[in-house]
Amino acid sequence: MSAPLVIAIDGPAASGKGTLAKRLAAHFGLPHLDTGLLYRAVALTLIDAGTDLGDEAAAARAAAALSAEGLVDPRLRERAMGEAASRVSSVPQVRAALLSWQQRFAAGPEGAVLDGRDIGTVVCPDARVKLFITATPEERARRRHRELTGRGEAAAPEAILADIRARDARDSSRAAAPLMAAQDAVILDTTELDADAAFAEALAIVTRLGGLSRA
């Protein structure tokens with residue numbers, strides 16, 4: 001490929017953006033970064049240290065000290081970490097500390113696929129392809145419930161829906177890099193799509209915008 005291909009994928013919790021990002025990265029042979037893990041890792045650092053998630057100075061220090069080794073803890077995938085990550089991600093100093101981390105990842109010679117909530121707007125505003133993946137809160141809650149029960153985690157559907165609505169509100173209203181679609185992003189609603197259909201749609205968009213081959 002003549003120029004690095006950076007694919008920026010944004011969207012709210014449980015919209016399917018992570019699954020699409022992984023599949024697109026595998027298809028095009030690009031490295032993938034789930035940027036939500038960075039914020040989950042910061043939150044987990046505070047929790048392990050017994051520090052309140054509202055301690056902005058401690059959160060900023062944890063973000064500045066984050067390394068790739070801190071992104072492999074299986075606890076990062078737990079439901080509680082998503083809520084905790086949403087809290088620390090609203091801290092401007094945390095976002096600033098992690099911004100260069102993400103941008104270095106995206107600056108590889110071939111490009112990269114990054115998914116999160118401000119990739120197309122803040123982290124990689126010049127990405128060749130920008131997608132904003134969405135679905136109704138109810139459908140996203142159903143997906144998260146299936147995911148959690150599949151891992152053996154007990155979760156009440158109504159509680160999951162309430163969490164998703166609260167995270168949407170917090171992520172969209174925060175002062176630092178709020179969740180929103182970039183002006184030049186293609187919006188893909190996956191409410192009525194299964195994983196394969198969503199991937200086919202996303203692949204068609206990336207192929208068209210990036211001038212790439214489907215092969």
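Before anything else, a word on the labels: UniProt positions are given in the numbering used here, feature names are shortened, and annotations may be inferred rather than shown by experiment. Keep that in mind as we go. Also, this is a predicted model.

Let's start with what the record says. The unreviewed UniProt entry carries a "binding site" annotation. It covers Gly 11, Pro 12, Ala 13, Ala 14, Ser 15, Gly 16, Lys 17, Gly 18 and Thr 19. From this set, Ala 13, Ala 14, Ser 15, Gly 16, Lys 17, Gly 18 and Thr 19 belong to the lining of the largest pocket. And where is Gly 11? In the loop between β1 and α1, with α1 running over 17-28.

The same kind of record gives us a domain. UniProt, again an unreviewed entry, places "domain: Cytidylate kinase" at residues 7-206. In the model, that span is 54% helix and 12% strand. Its end C-alpha atoms lie 8 Å apart.

Now the sheet. Find the five strands. They form an open sheet in the order β2-β3-β1-β4-β5, and the pairing is parallel. Which strands sit at the edges? β2, residues 32-34, and β5, residues 186-189. Each of these pairs on one side only. From one strand to the next, the twist averages 20°.

Zoom in on one edge. β2 pairs with β3, residues 111-116, in the parallel sense, over three bridges. Look for Leu 33 there: it stands opposite Leu 114 in β3. Then look at what packs on the sheet. Helix α5, residues 92-106, touches β1, β2 and β3. The direction of α5 makes about 140° with that of β3.

Next, the open space. The largest pocket has a volume of about 870 Å³. Its lining takes in 42 residues. Nearest its centre are Ala 14, Gly 16, Lys 17, Gly 18 and Arg 144. Which elements build the lining? α1, α2, α4, β3, α7, α8 and α9 each supply at least two residues. α7, residues 137-150, gives the most, with six. What about chemical class? The lining divides into 10 nonpolar, 11 polar and 21 charged residues.

Finally, the enclosed space. How many cavities of 30 Å³ or more are there? One. About 90 Å³ of space lies in the largest cavity. Its lining is Arg 79, Gly 82, Glu 83, Arg 144, Ile 160, Asp 163, Ile 164 and Arg 167. Two elements to colour here: α4, 79-88, and α8, 157-173, are the ones giving two or more residues to this lining. The largest share comes from α8, with four residues. By class, the lining has two nonpolar, one polar and five charged residues.

One link to point out on screen. Arg 144 lines the largest cavity. Arg 144 is also among the residues nearest the centre of the largest pocket. And α4 and α8 feed both linings: the pocket and the cavity.

That's the tour: the annotated site, the sheet, the pocket and the cavity.

Note on methods. Residues are numbered from 1 along each chain as its sequence is written. This is a predicted model: local features need pLDDT of at least 70, side-chain atom pairs count only at pLDDT 80 or more; totals for chains, interfaces and linings use all residues. Side-chain values use heavy atoms; hydrogens and water are left out. Two strands pair if DSSP finds at least two bridges between them. Axes are lines fitted to C-alpha atoms, for helices over the stretch in contact, and angles run from 0 to 180 degrees between N-to-C directions. Contact means heavy atoms within 4.5 Å. On a 1 Å grid over the protein atoms alone, a cavity is a set of points where a 1.4 Å probe fits but cannot get out, and a pocket is an open set with protein on both sides within 12 Å along at least five of seven lines; lining residues have an atom within 4 Å of a point. Grid points are joined across faces, edges and corners, and a volume is the space filled by probe spheres set on the points. Ala, Val, Leu, Ile, Met, Phe, Trp, Tyr, Cys and Pro count as nonpolar, Asp, Glu, Lys and Arg as charged, and the others, Gly among them, as polar.
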